[in-house]
Amino acid sequence: MSAPLTSLDRPNSYIGRSVPRPNAKRLLAGRGRYVSDLRLPRMLHAAFLRSPHPHAKIVSIDCEQARALEGVHFVATGEDLAKICTPWTGTLDHFKGMTSEPQLPLPLDRVAWAGQAVVAVVAESRAIAEDALELIVVDYKELPSVIDLDTARQSGAPLVNPGSASNVCFRSQLDSGGVDDAFATATHIVEGEFSFGRHTAVTLEPRAIVADYDHSAGMLTVHHATQTPYQFQDLYSRHYGIPEARVRVIATDIGGSFGMKLHVYHEDMAVVGLSILLGRPVKYVADRTESFVSDIHARDHRVRARMALNADGEILAMDVQDLTAIGAFSTYPRTSVVEGNQVIRLIGAPYGFKSYRAALEVIFQHKVQTSQYRAVGHPIACAVTERLVDMAAARLGLDPFAIRDKNVIADDAYPRTSPTGYRFEALSHQACLQRLHAMMDYDALRTEQAELRTRGIYRGIGIATFVEITNPSPAFYGVGGARISSQDGATVSLTPSGEVRCLISVTEQGQGTEAIISQIVADQLGVVQDQVKVITGDTEVTPHGGATWACRGAGIGGETALQAARALKRNILEIAALILQEQPSALDIIDGQVVDASTATPRLPIAEIARIAYFRSDTLPPGTQAQLTVSHHFAPQGYPFAFTNGIQGCSLEVDVETGFIKLLKHFVVEDCGRIINPMLVDEQLRGGVVQGLGAALFEECRYSDTGQLINGSLADYLVPMAMEMPDIMIAHVETPTKDTALGAKGCGEAGTAAASACVLNAVNDALAPFGASINSIPITPTTVLKALKRF
Amino acid sequence: MKARAFSYFRARTIEEAFDAHVRCADEARYIAGGQSLVPALSLRLQAPRLLIDITHIAELRGVRREGEFLRIGALTRHCEMLSEPLIAEFAPLLRAAAPFVAHPAIRNRGTLGGSIALADPAAEFPAMALALDAEIEIAGRSGKRRVKADDFFIDLFETALEPGELIVAVHVPLFKSGQRIAFDELARRRGDYAQVGCGMLATYTDKRVDDIRIAFFSVGSVPTRAKQAESVLAGAVLDAAHVAAAQAALANDLMPPDSDDVPPAMRLHLARVLLGRLLGRLGEGA
C-alpha cells in the first residue's frame, strides 16, 4: 500500500485486504448453480442445424422427417421466429455512417458464414434433437464469398451483404494536425505493418440459456449465462414485445465470460422465441465445436503505423491506419467497431507527443462476428506502439527503458489530454517504469542474456507500457443510443438479526465481484465481512445497472456499494442516537457495535437497533420511521473514463533451430487506483496476462480460403496451459481516482492489454543478432523459423 | 454434441467379443480406454450400433517376460507404461515416450492396444512399436497370429487388422546391454500432438553403432521408419559427419504432409533438428 492513509483506513477496514472470496468454497464443493446444471420441469432441449457454406442462398428446407421423429416437439425455421421477434441491427448513432444488416434469430433466405444456425429443433433431449438435425435437408445455392480482408476491400469484390455499396462497415479518422510537418522534420522514422490474428474467448462454461415463457402470467424468465442481465431483459422485452417488468433474466454463477457473454447471439434469441412458441422451458448449451463457430471472435487487425522521432529520441508524431475485418455483420447491441475505435485512440497513449493521425476502416467478410473481448483494442494499440518504440530505441542506440523514460507523460504533468482526445486524470508511468526495472533486476537480466548468447542461447527481454480504459461513463454506449447503463444500483439492508444484505447490479462471473462488494459494505458499515450477504444477477431482485463489462465492477459498482453502505450507516446511527440520546455524529459502528466515536467504547449492538426498529418501533420516539433499507445509484461523473496504466516485462528464450519459445518469467507493475482486494487484483492480472500470452503464442482462429474454420476444437485451437506459463510477478503503484470516494479503477483487462506486446518485443530482442524481425501475432514456431529463414 | 444411441455389450472373453461383433456385422466397435473413440462418438464422426467393451477380457491384460520378448497386454494403460517396472527395465523406450502421451487423465484410461489399433500417425506408441521392432499379436476367428510392426501400419488409420480382429498383446524384444534409446518430440504445448516426434533404439559395440532403428511420428500418413538414415548410421561412430549425413538422408525417408501451419519443408527441418539432437544424446549414452 503506497497510498497515504485516508478515511478508508479505519478499524474494520476490509478495503486493501486479501480476504478469501465467500463463494469460492461453494464453487469448489460443486455447489455452483450454472445454467448448464439447470433442469426445470417440462424442459425441452434445442439444437441447431448450421450452414456448411460461408455464403449461400437457402433454396428450400425439408424438415418433414425431423418433425416426424419421436421425441421431437418443434422444428423452427427463420419464418417461424420472424413472426414473433423483431430484427436487430448492430449500429450505434455515435459511430457516424456505420452500417450493418438487420438480423433475425434464424435466417429467412441467406446464410453469411459457415456455422450460422439455420434450423432449430426442440426435443425431449439434446441427443434426440441432434438425431433430428441429421434428418433435415437444406438445399443451398452457394454464393460468392469474401473471406480475406484484402479481397473484401477490392472494388468489384463479392458483397457480403448484397445490395450494399461496398464491404465497408465503418470508417473513422483522427487528426490532431501537424503530422506531416513532424515527419518532414524528423531525424528518425520507424514504421511497420503489424498483423493480429483472430481469436476467441474459450470460456470454461460455454454459452448457456434456459428460456421459460409462462403464457398464463405473460411472463418470460430467462436463466442466462451472461455478464449483463439488465441489457438482455431490455432486449428480450423489446424484441419480443413483452413488458419489461414481465421479463426476468437470472444470471447466477457464470463460468467465465471475458466480454463474450454480453452480445446477442442468434441461438439465444431463438431459444427465447422457441419457449414463447411452445410455452415450455427450452434449454440450449453451446457445445465447444459450436462455440468456435458462433461465439464472437476478436482482434483480426492489420495496422500500418509509423513514428517520427527527433535526434534525442523524443517521439514527435505517429501516423496510423487500422484495417479490421469483423465478419458478416456488426454485433448487437454494442457493435463490432468499438475495438477498432479503441485501437486508434489508444495508440501512443502513454507518451507525451502532440501530433497524431489515424484512419480506421472496418470491413465485412463471410466469417462469424467479431466484437468486444477482454481488453478491447488494447493489445493491438499496445503492441503497435511498443514495437515501434523498441524499433526506435534500436535505431537510436537507446535502451528500451531509457527511451520510454524519455517519452512517457511525466507523473506530475496531469491532468492531460491525449492527442486522440482522451482525458487522463492522473497516471504513473514513471513510477511504474522504475518499479519494473527494479523488479526485473533488469541489468542482471541483460548481463545474463549477453553471456548466454556467446553459448548460442538466445534469450529476449521485452517491456511494454500501457494505458487501460476503465469505469466508462455514458460516453461509451449511452450516447450512441444503446440502452446499456453506465450506472449501477445497490440496495443495502440491515436484517432483523443485525446482518446485512446487499443487492447489487454488478455481476459475478468468477472474478470475485461478490467478495469485493462485501468487503466494501462491511468496511463502510463497520461490520464483520461474514455478516454481509451479497446478491447479484437477478433482474427481478437486484436494481438496474450496467453489470459487468469494461472494467467497471470495482470502480462503479464498488462506489455504488460504498455510498449505499454509508447511507445505511447514517440511518442506523440516527436510530442509535435516538435510543442512546446522543448526537449521531458522536457515534460510530465498529464490528457490529455502535460505539462512542471518540473512545470506541461499545454502546449497543446494531442487532439490538434492528430488533427495536423492526419489532418494537413503539419504543422509539413518535414520528420516527427507521429506514434500514437503503437504495443508492451511482453513475460516473467527471472524467468520462478512469484511465489506468502500467507496464509489463518478460523474459523468454527462443530455440533458434526449432522456433519454439519458452516463456521464462513475466512481470507486471500496474496502477488501478485504490486496491480493494490485493489477492483478487493480482489474480485478475495473472489471468489477463495468461490470455495475452495465449494471443501472443498460441491462439488463432484459422480459416481456409473457402471460409471454413479449420481449427475449431480444443485439440487444434491452442489455449495457454499451465505447463507453458511462466511465473508472473506483480507489483502495484496506487493512484486513486478523485472522482469517487472509493478511488478504485478497473484492473480486469490490464494483464491482457500488454502481455502480447511484451512477448513480441522480447522475441524480436532475442532474434536481434540474426537481423530477423517479427511483426505479427500469434508468434508460432513457423513464424520464427520463417523469420530466421531456416526452411 | 451427444453421441447417437448405441447398444453396449461387455465381453468376458475374446470369443464373446467376436460373437457379438459378428452378430452386429460391420456396425460394432470394440471399446477399451475410449480416449479416441468416445470423442468420435460424441462428434458423431462414428455411430456404431453396438459398442463391445473389451476391458474385462483377462487375456488382454498383463505385462510379463516371454522368452526373448516382453509381452505387454493390449489393455495395458498408458499410465502403466510409467509405473510398471518390467517396462522400465525391458522396454525403456516405451517408458521414455509415455510422459509425452497426452495428459494424465487420458493416460489413466487410454490403452497400448487401442493406440496401436487406431494407428494415429501423430501418436507416440505406434511409432515406438516400429522403433522397437515389436510384434503385434492379433486374434481373429480363425486363430492368433503375430505381425511385425513394420508390416502392421499400412496407410492412414489403416492396419493389418481385419474387420472384427483384436490386438491381444504387443511383444517387444527385451532391452539388452549395449543398447541405447532416445526419445523426444516437438509439441507447442506439453501433451499436444507433436509437430514432429522421434524415438530410436541403437545397439552399440563400444562407440560404434552396430544397428539402429529410428521411427518418426507426425511426419506423414503412417508412423515412419527413417531407413536411409538408419543405413547411414549402421556400423558408424556418431561423429558430426555421420549425423549430418543421416539428417540429409531424411529427405528420402520422410514425406511430410501438406499443412498450412507446418509446411512440409519446415517439418523436414524440424525432423532433422530432432534427429541431430537425439543422436547427440545417444552419443552421450542416453
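Let me start with Thr221(A), whose bridge partner in strand 11 of chain A is Arg248(A); please keep in mind throughout that the model we are looking at is a predicted one. That pair belongs to a longer arrangement, in which strand 10, residues 219–224 of chain A, and strand 11, residues 247–250 of chain A, pair in the parallel sense over four bridges. If you follow the chain from one strand to the other, you pass through helix 7, residues 229–240, and the three elements of chain A, strand 10, helix 7 and strand 11, make a right-handed β-α-β unit.

Further along chain A we meet another unit of this kind, and I would like to build it up slowly. Strand 20 of chain A, helix 15 of chain A, which covers residues 513–525, and strand 21 of chain A make a right-handed β-α-β unit. The two strands, strand 20 and strand 21 of chain A, the latter being residues 532–536, pair in the parallel sense over five bridges, and in strand 21 of chain A the residue that partners Ile504(A) is Thr536(A).

Strand 20 of chain A also has a partner that runs the other way, namely strand 19, residues 488–494 of chain A, to which it is joined antiparallel by five bridges. Here Thr491(A) stands opposite Leu503(A) of strand 20 of chain A. The hairpin made by strand 19 and strand 20 of chain A has five residues between the strands, and in it Gly498(A) takes a positive phi near 85 degrees. Is strand 20 of chain A largely enclosed or not enclosed by the rest of the structure? Four of the five residues of this strand, residues 500–504 of chain A, are buried, and therefore strand 20 is largely enclosed by the rest of the structure. While you look at these strands, a general point may help: in a regular strand the side chains alternate between the two faces of the sheet.

Let us now turn to the interior. The largest nonpolar core has 339 residues, and of these Val121(A) and Val759(A) touch the most other members. Helix 19 of chain A, residues 750–767, gives the most to this core, with eleven residues. Which residues does Val759(A) contact, once we leave aside its neighbours within four places in sequence? They are Gly462(A), Cys650(A), Leu652(A), Leu693(A), Ala696(A), Leu697(A) and Ile779(A).

By way of contrast, consider Ala410(A), which is placed in the loop between helix 12, residues 400–407, and strand 16, residues 416–417, of chain A. Ala410(A) has 12 other C-beta atoms within 10 Å, and because a residue with 12 or fewer counts as exposed, Ala410(A) is exposed. From Ala410(A) to Leu81(A) there are 329 residues in sequence, and their C-alpha atoms lie 57 Å apart in space.

The loop between helix 12 and strand 16 of chain A also holds Pro415(A), and a cis peptide bond, with omega of about 0 degrees, joins Tyr414(A) to Pro415(A). Another cis peptide bond joins Tyr332(A) and Pro333(A), with omega of about -5 degrees, and Pro333(A) lies in the loop between strand 14, residues 315–325, and helix 10, residues 338–346, of chain A.

Now for chain B, which has twelve helices and 14 strands. Its radius of gyration is 19 Å, close to the 19 Å that the globule rule gives for 286 residues, so chain B is as compact as a globular protein of that length. The C-alpha trace of chain B spans about 60 × 45 × 30 Å along its principal axes, and buried residues make up 48% of the 286 residues of the chain. If we take the contacts in chain B between residues at least 6 apart in sequence, 62% of them join residues at least 24 apart.

Two backbone details in chain B deserve a look. Arg44(B), in the loop between helix 2 and strand 3 of chain B, has a positive phi near 60 degrees although it is a residue other than glycine. Ala102(B), in the loop between helix 5 and helix 6 of chain B, is not a glycine either, and has a positive phi of about 50 degrees.

Finally, where the chains meet, the contact takes 16 residues from chain B and 21 residues from chain A. Helix 12 of chain B, residues 264–283, gives the most to the side of chain B that touches chain A, with five residues, and by class that side has eight nonpolar, two polar and six charged residues.

Note on methods
Residues are numbered from 1 along each chain as its sequence is written. Chains are lettered from A and ligands numbered from 1 in the order in which they are written. This is a predicted model: local features need pLDDT of at least 70, side-chain atom pairs count only at pLDDT 80 or more; totals for chains, interfaces and linings use all residues. A nonpolar core is a set of buried Ala, Val, Leu, Ile, Met, Phe, Trp, Tyr and Cys residues joined through C-beta atoms within 7 Å. A residue is buried if 20 or more other C-beta atoms lie within 10 Å of its own, exposed if 12 or fewer, and partly exposed in between; C-beta atoms are placed from the backbone. Two residues are in contact if their C-beta atoms, placed from the backbone, lie within 7 Å. Two strands pair if DSSP finds at least two bridges between them. A crossover is right-handed if, with the strands pointing away from the viewer, the path from the first strand over the helix to the second runs clockwise. Ala, Val, Leu, Ile, Met, Phe, Trp, Tyr, Cys and Pro count as nonpolar, Asp, Glu, Lys and Arg as charged, and the others, Gly among them, as polar. The radius of gyration is taken over C-alpha atoms; the globule rule is 2.2 Å times the number of residues to the power 0.38.
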